[in-house]
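Got your viewer open? Load the model, and let's walk through it one selection at a time.

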Amino acid sequence: MNARAAALLVGVNALVSAALIALVHLWLVPERLPALAVLDVAELYRLKELQVAAVLVKRDASDEERAGALRRAAGFGTEVSTLLQALPGECRCIVLARGAVMGSEPLLRDLTPDVRRRLGL
């Protein structure tokens with residue numbers, strides 16, 4: 001066997017070994033951990049409650065305004081449920097209730113301000 005054939009054999013073996021290592025790495029290494037985010041649902045309901053109560057106790061509010069506020073309050077649960085169904089797909093993360101997270105969560109993204117804006121709170 002001459003030097004050229006030996007170098008070719010070593011090169012082919014190196015390429016095959018690198019390809020096998022890459023395939024094993026892709027196959028055996030677990031996927032990246034999913035991203036996590038928190039949402040304070042209780043705060044959303046408190047803010048909506050304050051918003052509706054402000055209209056209801058307002059002295060110069062008409063009956064139509066009060067009825068409209070009550071209609072919006074009645075539909076709020078459905079609106080929040082629809083948003084909560086879509087939220088994990090939009091942020092590509094797992095959404096946790098803030099009350100379910102123990103301790104401080106500085107590493108977790110807080111989606112509450114964004115959801116507040118989307119709900120008009």
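Select Cys91 and Cys93 and show them as sticks: the torsion about their S-S bond is about -80°, so this disulfide is left-handed. Keep in mind that you are looking at a predicted model. A disulfide is a covalent bond between the sulfur atoms of two cysteines. Here the sulfur atoms of Cys91 and Cys93 sit 1.9 Å apart. You can stop hunting for others, as the structure holds one disulfide.

Now turn on the surface. Are these two cysteines buried or exposed? Cys91 has a relative accessible area of 15%, and because buried means under 20%, Cys91 counts as buried. Cys93 is buried too, at 7% relative accessibility.

Next, select the whole chain. Buried residues make up 18% of its 121 residues. The chain exposes about 9,300 Å², and 63% of that comes from carbon and sulfur atoms.

Switch to cartoon view and count along: you should find four helices and three strands. Starting at the N terminus, the order is α-β-α-α-β-β-α. The radius of gyration is 28 Å, well over the 14 Å that the globule rule gives for 121 residues, so the chain is more spread out than a compact globule. Rotate the C-alpha trace to see its spans along the principal axes, about 100 × 30 × 15 Å.

Try contacts next. Of those between residues at least 6 apart in sequence, 73% join residues at least 24 apart.

Last stop: color by charge. The chain has 15 positive and 13 negative charges, and the mean positions of the two groups are 6 Å apart.

Notes: Residues numbered from 1 in each chain as written. Predicted model: local features only at pLDDT ≥ 70, side-chain atom pairs only at ≥ 80, totals over all residues. Heavy atoms only, no water. Helix = DSSP H or I, 4+ residues; strand = E, 2+ residues; numbered from the N terminus. Rg over C-alpha atoms; globule rule 2.2 N^0.38 Å. Buried < 20%, exposed > 50% of the residue type's maximum accessible area, 1.4 Å probe, protein only. Contact = heavy atoms within 4.5 Å. Areas by Shrake-Rupley, 256 points an atom, 1.4 Å probe, with all protein chains shown as cover. Lys, Arg positive; Asp, Glu negative; His and termini not counted. Charge placed at Lys NZ, Arg CZ, Asp CG, Glu CD. Disulfide = S-S within 2.5 Å.
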